[in-house]
Amino acid sequence: MGIVLKQSLSNTVITYLGFGIAAINTLFLYTQFLTDEYYGLVTVILSTSAILTPLLAFGVPNTLIKFYSTFPDRENSDGFLSLMLLLPLLMILPLAAISFIAHDTISSFLSQKNPIVREYVWYIFLIGLAMAYFEIFYAWAKVQMRSVFGTFMKEVFNRIVIMILLVLVHFEFISVAVFLKALVALYLLRTILMKVYAYRLRMPKLSFSLPSNAKSIINYSALIILGGSAAIIILEIDKFMINQFIQIENVAYYGVAVYIATTIIVPSRSMHQITYPITAELLTKNNLSALKTLYQKSSLTLFIVSGLLFLLIILNLNDLYLLLPEEYRNGFVIVFFVGLAKVYDSVLGNNNSILYNSEYYRSLLIMGVFLAVSIIVFNLWLIPNYGIEGAAFGTFLAICLYNTIKLLYVKSKFDIQPFTWETLKVLALLLFIGLVFYFVEFPFHPIVNIVLKSIFITAIYTAVLYRFKLSEDVFRLISKILGRTPPRL
């Protein structure tokens, strides 16, 4: 248990470090050192590569983690690991052949609105291939109970190198064309380093002896392709579709606004690492009473945190935008709608964990596909008519619909729901503070304004939470910070 706890803590620290570096790159370096057209191009390349990744990986990362422990002897595990390495080729080789034969057709499709994309089809495929095998080797290390190096490579390494490359572009040591080639090389290098590390943990011995349950393994992988593709489409398809309908620089403007809004969801990632195994244990024991308590507590806690982050972002957005180039400053509507969607994600608490760890996990995959299709349909309607704000509203509508379905589904299957009277009280508090501080403006430098307003909002918010004890967990945490022994609630 010690190694698991240690690595979980290390992974959390590394993830937040990576997020901080990404914030610097996304909000400042990309916007200052690349033109908005080339920033949009980079976003399109990486987003399209990410959409390809689940297909090229053939569901192997999840399959490797799920089935590895079922092969305790070396001979059978060698056959399984060999299958995991070779299975993605069933998708990679045909797609590579199609890309080669139909290169002009694919290029024309991707560049019908923005000709600049035409020359970068192979960049997209190579980065997608690198991402796919990186995830496979990352999963390879995870099953050996060694995940920290992979987390560092995924969250920090590439972002640090990109930061260096952007600085080199700024000082004209390299051109933008060289930067884009280096981007491909970076993702390939990251995969090679991850492979070397994974093989040091467990060197594979190539075996063409298929496991006895090979059919089940392949079927599971195919099912995971569906779920993985839906998950990536939810995150990336809007950027891809913006490129298909309007000028590519809008992808850059949209990407910056979405990144700002996405910070709302960061705390929930840490909590889910804790609630996921607890949820699994409660479901195994069929302890629905404790499950309901966890559901409601996780929902309230995440709503309190995400609601505060939403307020801080929205109420400081004008000052934050003053720190960015002028063309990036019109994203308020995008941040608002995407941010609201992220708050709704958070307020569901451990809803996903309940579904994933129950017998109804296949239903979640179906819902994910439904969400992906909904986002595509909404974007086909809204982007041509309303541009990047239409993309944000389409994402908001689809996520709200998806989350409501999940909410009702868990209610129907387990007869539990996450909301309490405290949820309404926190909502009222958020609305009150939002209305008051919406009209408060400080006359100082934007950074000073952001700091001052954030301090006042956070102080008032936490004081009310503490005074009226709206959340037991938050009350105890604040009491601990203040050095007080909290009474029993």
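**Surface, pocket and contacts of the predicted model**

Helix H5, spanning residues 89–101, contains Leu93. The model described here is a predicted one. Leu93 has a relative accessibility of 53% and therefore counts as exposed, since the cut-off for that class is over 50%. Leu93 does not stand alone. Together with Leu86, Leu89, Leu206 and Phe208, Leu93 forms a nonpolar patch on the surface. The accessible area of these residues together is about 520 Å².

Space within the model was examined next. The second largest pocket holds about 480 Å³ of space. Its lining is made up of 22 residues. Closest to the centre of this pocket are Thr263, Leu312, Ile313, Leu320 and Ile450. Several helices give two or more residues each to the lining. They are helix H1 (2–33), helix H11 (249–262), helix H12 (266–284), helix H13 (288–321) and helix H18 (446–468). What is the chemical character of the lining residues, nonpolar, polar or charged? The lining has 18 nonpolar residues and four polar ones. No charged residue takes part in the lining.

Charged pairs were then searched for across the whole structure, and nine salt bridges were found. One of them joins Lys154 to Glu135, with 3.2 Å between the closest N and O atoms. Lys154 belongs to helix H8 (residues 148–170) and Glu135 to helix H7 (residues 121–142), so this salt bridge ties together parts that lie 19 residues apart in sequence. Both partners can be placed by their accessibility. Lys154 is partly exposed, at 29% relative accessibility. Glu135 is also partly exposed, at 22%.

A salt bridge within a single helix links Glu236 and Lys239. The closest N and O atoms of this pair are 3.5 Å apart. The helix is H10, residues 214–245. Because the two residues are three positions apart there, about one helical turn separates Glu236 from Lys239. Are these two charged residues buried or exposed? Glu236 is buried, at 19% relative accessible area. Buried means under 20%, so Glu236 falls within that class. Lys239 is buried as well, with a relative accessible area of 10%.

Helix H19 (residues 472–481) holds a further pair, Arg476 and Glu472. The closest N and O atoms of their salt bridge lie 3.4 Å apart. The two residues are four apart in the helix, and so about one helical turn separates them. Arg476 counts as partly exposed at 29% relative accessibility. Glu472 is likewise partly exposed, at 32%. This pair belongs to a network of salt bridges that also takes in Lys297.

Some residues come together in space although the chain sets them apart. Val369 is placed in helix H16. Val369 and Ala231 are 138 residues apart along the chain, yet 8.1 Å separates their C-alpha atoms. Val369 is partly exposed, with 25% relative accessibility. Leu407 is another residue of helix H16, which covers residues 361–414. The relative accessibility of Leu407 is 13%, so Leu407 counts as buried. Ten residues in sequence separate Leu407 from Gln417, and their C-alpha atoms are 7.1 Å apart.

Asn350 offers a case from a loop. This residue sits between helix H14 (332–347) and helix H15 (351–356). Is Asn350 buried or exposed? Its relative accessibility is 0%, and Asn350 therefore counts as buried. The C-alpha atoms of Asn350 and Leu294 lie 7.8 Å from each other, with their positions 56 residues apart along the chain.

Backbone angles were considered last. Most residues other than glycine have a negative phi. Glu172 departs from this, with a positive phi near 60 degrees. Glu172 is located in the loop between H8 and helix H9 (176–201). With a relative accessibility of 70%, Glu172 is exposed. Asp415, again not a glycine, has a positive phi of about 55 degrees. The loop between H16 and helix H17 (421–438) contains Asp415. At 56% relative accessibility, this residue is exposed.

Technical notes: Residues numbered from 1 in each chain as written. Predicted model: local features only at pLDDT ≥ 70, side-chain atom pairs only at ≥ 80, totals over all residues. Heavy atoms only, no water. 1 Å grid on protein atoms, 1.4 Å probe; cavity = no way out; pocket = protein on both sides within 12 Å on 5 of 7 lines; lining within 4 Å. Points joined across faces, edges and corners; volume = space filled by probe spheres on them. Nonpolar A, V, L, I, M, F, W, Y, C, P; charged D, E, K, R; others polar. Patch = residues over 30% accessible without salt bridge, like charges linked within 9 Å, V, L, I, M, F, W, Y side chains within 5 Å. Areas by Shrake-Rupley, 256 points an atom, 1.4 Å probe, with all protein chains shown as cover. Salt bridge = Lys/Arg side-chain N within 4 Å of Asp/Glu carboxyl O. Buried < 20%, exposed > 50% of the residue type's maximum accessible area, 1.4 Å probe, protein only.
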